[in-house]
Every structure is written in C-alpha cells, then in structure tokens.
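Thanks for coming. I will put the model on the screen and then go through sheets, rings and a few single residues.

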Amino acid sequence: MTSRYIAIDWGSTNLRAWLYQDEKCLKSRQSEAGVTRLNGRTPDAVLAQVTEGWRDDATPVVMAGMVGSNAGWKIAPYLPCPARFADIGSQLTTVAPDVFIIPGLCVTRDDNLNVMRGEETQLLGARELAAAPLYIMPGTHCKWVQADDAQVSDFRTVMTGELHHLLLTHSLIGAGLPEQQPDADAFQAGLEQGVATDAPLARLFEVRAAHVLGTLAREHVSEFLSGLLIGNEVASQVRHWQPDRQQPLTLVASPSLASRYQRALTLLGYTARTLEGDHAFQAGIRSLAHAVAH
C-alpha cells in the first residue's frame, strides 16, 4: 500500500509545496503567500489554494518554517536542547485535521539564548544524508549545530549575512559605491584578515579606508567584506566548538554560499561535505510526513 502526503516549507515571504507518493515527488508548487504576505486571506484558505487537487480527507500535510511562529498560523512550541531527533516528529502541532506544523528548537542557558525554526527540518535530512558532529547552516543568520545520531545538543546563531547586507547598504562602508563585482582575490584577502583577527569591529572601518585610499577596488568592497565577516565567523566558531579535524563537518547551503565557507574551513585545516539546503529540507520533511502518513 502506497501513502500520499504533502510537505510544505512556509516562510515569511514564500511558500513551497511538494506532493509525495511514498518517496517519489509527484508535483510541486510555489507561492508568494508567505506568512507576512497573506493579503487578508486566512492560512487555511492559502493552504487550500496551493494544494488544490492534491488532497482528500486522509492526505496528511506537514509544514515547517515561519508558519509555526507567532506571526504564522499557530505557534508550534520550541523544543529545548538537548532535543532528540525523535521528539521533533512526535511533537507536531495540529492546526487542522491531518495538518501539522513541525516544532522549532531552542537553547535557554545563561551563556546562550537561541532559537531556530525551519533549520531543524534541514537537520533531520542532513543527519540522514551526511551525518556529522557539527553542522554549519549559512544564510542570513548562520546556524552552527552540535549533534550526534540521536539528538541536537546545542547550537549558536551568527548574523553574518544580515550584517554584510546592513553594512553594505546602510553604513558608511557602502556609501557611494558602484555596482559590486565578484572577485575571488578580494574575497580571499578579506578571508585571511577575518581569520587572523579576534577583534573584527576594529577592522570594519578599515574596509571604508581601504577603498578611499585606493588599496581596495571600489567594485570589490562587497567581496572583501564578505571574506572578512565569514573568515571571522568560522575562526571564532571552530574555536568555540573545537571539532575534530579528522572528522568532516557538514555544510547545508546553496553551492555558492557553501563554497565561501569551504574556503574558510580549508584555511583553518578543516574539511566539510556540502548538502544543498533544499535537498536536506525535503529529505527531512519527507521523513516526518512519511511517518505521519503511516
């Protein structure tokens, strides 16, 4: 007997849905009706529209992402870490008959307050596809996650992507710059400086000074700044987590972003396997939805 189920990644600005029959994806759809873009519609109405023709009364729907936040359909509580992977699937929040939201994860300690929502689903897939003692999940807010086969022990968030955007578009560093161009050498120079410094705030104005004084091409400021921030992030996080250099880490990201982190890790003597973020997410949510369907 085969089982049909629907998996949904419902974020702030977009929604993606996949219809599965067992392990096979039959159809997929995308929508711009993220939880902040419902335009007066209810989440139930948006779900009905995006899954039109896919569901009968017995077809389960499993959703992850901001749909479970305080801005979404219904709050799906955070599971405190250490959190067992098995608990993620056993503590789904029901929002309608056979419609479920995956819980997020949190850390609540004096030395670390953190939350994630959506990445826990990628972690489920990454554990299946490329298990590692430390997962690196770059993006606007990069997650560094310590886990074993049974549980997520701890994680931290570094706002590298957002900081890069803010500095380049809303600070003196990016003021008056021409259109930015990719440049591997500028990125590498920034990377080396970022890895070498333990005080990145003191080096940020130098990025402005470098292009004013002509030692950094004005069209390569973005690349140098990216290298500086990523280099410092990776150096500081491997000092914190102290992973074994003999064990590969796992990067969960788009190929272009993963390659930047790969270069930083290589510079520091680490190796990492790369998983495309969508691939990890779909593997993770499929495992949960498939279990619900049975």
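Before the first contact, a criterion: a charge sits over a ring if NZ of Lys or CZ of Arg is within 6 Å of the ring centre and within 35 degrees of the ring normal. What you see is a predicted model, in which local features need pLDDT of at least 70 and side-chain atom pairs count only at pLDDT 80 or more, while totals for chains, interfaces and linings use all residues. Residues are numbered from 1 along each chain as its sequence is written, and side-chain values use heavy atoms, with hydrogens and water left out.

With that criterion, Arg 260 lies over the face of Phe 187, at 4.8 Å from the ring centre. The charged end of Arg 117 sits over the ring of Tyr 78, 4.3 Å from its centre.

Arg 260 and Phe 187 come up again around Ser 226. Contact here means heavy atoms within 4.5 Å. Leaving out residues up to four places away in sequence, Ser 226 touches His 164, Phe 187 and Arg 260. Ser 226 belongs to helix 7, residues 221–241; helices (H or I, at least four residues) and strands (E, at least two) are DSSP runs, numbered from the N terminus. Is Ser 226 buried or exposed? Ser 226 is buried, at a relative accessible area of 10%. For the classes, buried means under 20% relative accessible area, exposed over 50%, and partly exposed in between, with a 1.4 Å probe and protein chains only.

Next, the sheet. Two strands pair if DSSP finds at least two bridges between them. There is an open sheet of six strands, in the order 6-13-12-11-14-15, with mixed pairing. Its edge strands, each pairing on one side only, are strand 6 and strand 15 (272–275). At one edge, strand 6 (residues 83–84) pairs with strand 13 (residues 151–158) in the antiparallel sense over two bridges, and Ala 83 stands opposite Val 152. Strand 13 also pairs antiparallel with strand 12 (residues 142–147), over six bridges. One of the bridge partners there is Val 158 in strand 13, opposite Cys 142. A hairpin of three residues joins strand 12 to strand 13. At the other edge, strand 14 (residues 249–252) and strand 15 are parallel, over four bridges, and Thr 250 has Arg 273 in strand 15 as its bridge partner.

Helix 3 (residues 119–129) packs on this sheet, touching strand 11 (134–137), strand 12, strand 13, strand 14 and strand 15. The direction of helix 3 makes about 130 degrees with that of strand 11; axes are lines fitted to C-alpha atoms, for helices over the stretch in contact, and angles run from 0 to 180 degrees between N-to-C directions.

Gly 284 is in helix 9 and is buried, with a relative accessible area of 0%. Beyond its neighbours within four places in sequence, Gly 284 is in contact with Thr 121, Leu 124 and Gly 125. Gly 284 and Ala 7 are 277 residues apart in sequence but 9.9 Å apart in space, C-alpha to C-alpha.

Now the rings. How many aromatic pairs does the structure hold? The count is three. Rings of Phe, Tyr and Trp (its six-membered ring) pair if their centres lie within 6.5 Å; planes under 30 degrees apart are stacked, over 60 edge-to-face, and the rest tilted. Among them, Trp 10 and Trp 73 are edge-to-face, 6.2 Å centre to centre with 75 degrees between the planes. Trp 10 lies in strand 1 (residues 4–10) and Trp 73 in the loop between strand 4 (61–64) and strand 5 (79–80), so the pair ties together parts 63 residues apart in sequence. The centres of Trp 18 and Phe 281 are 6.0 Å apart and their planes at 45 degrees, so this pair is tilted. Because Trp 18 is in strand 2 (residues 15–21) and Phe 281 in helix 9 (residues 277–293), the pair ties together parts 263 residues apart in sequence. Trp 18 is buried at 7%, and Phe 281 is buried at 3%.

Strand 2 runs antiparallel to strand 3 (residues 24–31), joined by seven bridges. Tyr 20 has Cys 25 in strand 3 as its bridge partner.

Last, the cysteines. The structure holds zero disulfides, a disulfide being a pair of cysteine sulfur atoms within 2.5 Å. Why is Cys 106 without a bond? The closest cysteine sulfur, in Cys 81, is 6.7 Å from that of Cys 106, too far for a bond.
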